[in-house]
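Dear colleague,

Here is the structure for you to take over. My notes on what was found in it come after it.

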Amino acid sequence: MSIKVLVLAGGFSEEREVSLASARAISESLTRLGYDLKVIDAASGQSLLDEQGKYLYEKSSDSSSIIALKPRRSMALTHALENPQYADTDLVFIALHGGA
């Protein structure tokens with residue numbers, strides 16, 4: 001049985017891009033080490049992994065992650081975490097940067 005890790009990334013701060021890049025590196029490393037991984041954007045509550053478990057965000061000069069950010073409501077992350085797929089998480093890795 002592998003350890004189930006949830007990575008929190010993105011968010012609303014000016015450091016969103018840094019957080020997404022950090023989460024990508026974290027995701028690649030933890031996947032390579034055999035962890036069962038899930039990654040959530042703290043701003044939207046949406047998964048940052050595709051169906052195959054590959055990290056969706058690609059670093060680009062056009063800052064596509066900001067364009068893709070469509071926050072649903074202030075409690076998006078809280079509501080996302082109520083999803084049963086996260087109920088058996090063993091560890092949360094916080095990859096958020098910045099904030100007030």
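**Loop, patch and helix α1**

L33 sits in the loop between α1 and β2. Its relative accessible area is 65%, and because exposed means over 50%, L33 counts as exposed. Together with I3, Y35 and L91, L33 makes a nonpolar surface patch of about 380 Å². Please keep in mind that this is a predicted model.

The helix before that loop is α1, which covers residues 16-32. With 17 residues, α1 reaches 24 Å from its first C-alpha to its last, close to the 24 Å expected at 1.5 Å a residue. After α1 comes G34, which has a positive phi, near 95°.

Which residues of α1 are buried? They are R16, E17, S19, L20, A23, I26, S27 and L30. A25 also belongs to helix α1, but with a relative accessible area of 42% A25 is partly exposed. From A25 to Y55 the C-alpha to C-alpha distance is 9.4 Å, while the two residues are 30 apart in sequence.

**Overall layout**

The protein has 100 residues, and buried residues make up 33% of them. It contains three helices and three strands. Read from the N terminus on, the order of the elements is β-α-β-α-α-β.

**The sheet**

The three strands form an open sheet, with the order β2-β1-β3 and parallel pairing. Both β2 and β3 are at the edges with a single partner strand each, so one side of each has no neighbour in the sheet. On average, neighbouring strands of this sheet are turned by 25° against each other, direction ignored.

In general, the strands of a sheet pair through backbone hydrogen bonds, in either a parallel or an antiparallel way. Here, β1 and β2 pair in the parallel sense, and six bridges connect them. Opposite V39 in β2 stands V7, and opposite I40 in β2 stands L8. As a general point, side chains in a regular strand alternate between the two faces of the sheet.

How many of the six residues of β1 are buried? Five of them are, so β1 is largely enclosed by the rest of the structure.

**Salt bridges**

There are three salt bridges in the structure. I take them one at a time.

- K4 and D88: their side chains meet in a salt bridge at 3.2 Å, N to O. The pair links distant parts of the chain, 84 residues apart: K4 is in strand β1 (residues 4-9), and D88 is in the loop between α3 (76-81) and β3 (91-94). K4 has a relative accessibility of 25% and therefore counts as partly exposed. D88, at 41% relative accessibility, counts as partly exposed as well.

- R16 and D41: the side chains of this pair form a salt bridge at 3.0 Å, N to O. R16 lies in helix α1 and D41 in strand β2 (residues 36-41), so the salt bridge ties together parts that are 25 residues apart in sequence. Both R16 and D41 are buried.

- R24 and E28: here the side chains meet in a salt bridge at 3.3 Å, N to O. Both residues lie in helix α1, four residues apart, which is about one turn of the helix. R24 has a relative accessible area of 22%, and because buried means under 20%, R24 counts as partly exposed. E28 is partly exposed too, with a relative accessible area of 40%.

**Points to look at in the viewer**

Where do R16 and D41 lie? R16 is in helix α1 and D41 in strand β2, and the two residues are buried. For the surface, begin with the nonpolar patch of I3, L33, Y35 and L91. For the sheet, begin with β1, which has five of its six residues buried.

Regards

Note on methods
Residues numbered from 1 in each chain as written. Predicted model: local features only at pLDDT ≥ 70, side-chain atom pairs only at ≥ 80, totals over all residues. Heavy atoms only, no water. Salt bridge = Lys/Arg side-chain N within 4 Å of Asp/Glu carboxyl O. Helix = DSSP H or I, 4+ residues; strand = E, 2+ residues; numbered from the N terminus. Buried < 20%, exposed > 50% of the residue type's maximum accessible area, 1.4 Å probe, protein only. Patch = residues over 30% accessible without salt bridge, like charges linked within 9 Å, V, L, I, M, F, W, Y side chains within 5 Å. Areas by Shrake-Rupley, 256 points an atom, 1.4 Å probe, with all protein chains shown as cover. Expected span 1.5 Å × (residues − 1). Pairing = 2+ DSSP bridges. Axes fitted to C-alpha atoms, helices over the stretch in contact; angles between N-to-C directions.
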